Amino acid sequence: MVPDPDWQRHFQQLAPMTARFAVQTTVDIDALPVGPWQGLGVPALWAAGALAAGGWLLEARAASGGVADDGWRGGGVCGVRDEA
């Protein structure tokens, strides 16, 4: 999708799938966008970012009181209807 080879390499270096496959490679390591040790770090950074975003979202929802506008408490499929 990106025609520029330099940008393609940058996107491959940030992609978690490419990084995870780099961990498994034992030959021709110099041709990879990231090395094996960096391949361990990239998915770890993605996971840390997802946990941080989830924590922020959980904190933001808890700060709003946890009651949705439609009268359902708890949200999701298993919410409990407020009778008050």
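This is a short walk through the model, one selection at a time.

Before you click anything, note that the model is predicted: local features need pLDDT of at least 70, side-chain atom pairs count only at pLDDT 80 or more, and totals for chains, interfaces and linings use all residues. Residues are numbered from 1 along each chain as its sequence is written, and side-chain values use heavy atoms, with hydrogens and water left out.

**Whole chain**

Start with a cartoon view. You should find 3 helices and 2 strands, in the order α-α-α-β-β from the N terminus. Helices here are DSSP runs of H or I with at least four residues, strands are runs of E with at least two, and both are numbered from the N terminus.

Now switch on the surface. The chain exposes about 6,900 Å², and 65% of that comes from carbon and sulfur atoms; the areas are Shrake-Rupley values with a 1.4 Å probe, and for residues only the protein chains shown count as cover. How many of the 84 residues count as buried? The share is 11%, where buried means under 20% relative accessible area, exposed means over 50%, and partly exposed is in between.

As for contacts (heavy atoms within 4.5 Å), take those between residues at least 6 apart in sequence: 20% of them join residues at least 24 apart.

**Helix 1**

Select residues 5-14, which make up helix 1, and show the side chains of Trp7 and Phe11. The structure holds 1 aromatic pair, and Trp7 and Phe11 form it, tilted, at 6.1 Å centre to centre with 40° between the planes. The rule is that rings of Phe, Tyr and Trp (its six-membered ring) pair if their centres lie within 6.5 Å; planes under 30 degrees apart are stacked, over 60 edge-to-face, and the rest tilted. The two residues sit 4 apart in sequence, about one turn of the helix. Buried or exposed? Trp7 is partly exposed at 48% relative accessible area, and Phe11 is partly exposed at 46%.

Stay in helix 1 and pick Gln8. Gln8 is partly exposed, with a relative accessible area of 37%. Beyond its neighbours within four places in sequence, Gln8 touches Val2 and Pro3. Draw a distance from Gln8 to Pro33 as well: they are 25 residues apart along the chain, and their C-alpha atoms are separated by 9.6 Å.

**Helix 2 against helix 3**

Next, select residues 16-24 for helix 2 and residues 36-63 for helix 3. These two pack at an angle of about 145°, with their axes 7 Å apart. The axes are lines fitted to C-alpha atoms, over the stretch in contact for helices, and angles run from 0 to 180 degrees between N-to-C directions. The crossing is left-handed, meaning that the near helix is turned anticlockwise from the far one by less than a right angle (clockwise would be right-handed).

Which residues make the contact? Helix 2 brings Pro16, Ala19, Arg20, Ala22 and Val23, while helix 3 brings Pro36, Gly39, Leu40, Val42, Pro43 and Trp46. Colour them by type and you get 9 nonpolar, 1 polar and 1 charged. Nonpolar covers Ala, Val, Leu, Ile, Met, Phe, Trp, Tyr, Cys and Pro; charged covers Asp, Glu, Lys and Arg; the others, Gly among them, are polar.

Zoom in on Pro43, in helix 3. Leaving aside neighbours within four places in sequence, Pro43 is in contact with Pro16, Ala19 and Arg20. Pro43 and Arg20 are 23 residues apart in sequence but 7.2 Å apart in space, C-alpha to C-alpha.

**Thr18 and the loop**

Go back to helix 2 for Thr18, which is partly exposed at 26% relative accessibility. Outside its neighbours within four places in sequence, Thr18 contacts Gln12 and Pro33. The C-alpha atoms of Thr18 and Val34, 16 residues apart along the chain, are 8.1 Å apart.

Last stop: Gly35, in the loop between helix 2 and helix 3. Gly35 counts as buried, at 16% relative accessibility. From its C-alpha atom to that of Arg20, 15 residues away along the chain, is 10.0 Å.

Technical notes: Buried < 20%, exposed > 50% of the residue type's maximum accessible area, 1.4 Å probe, protein only.
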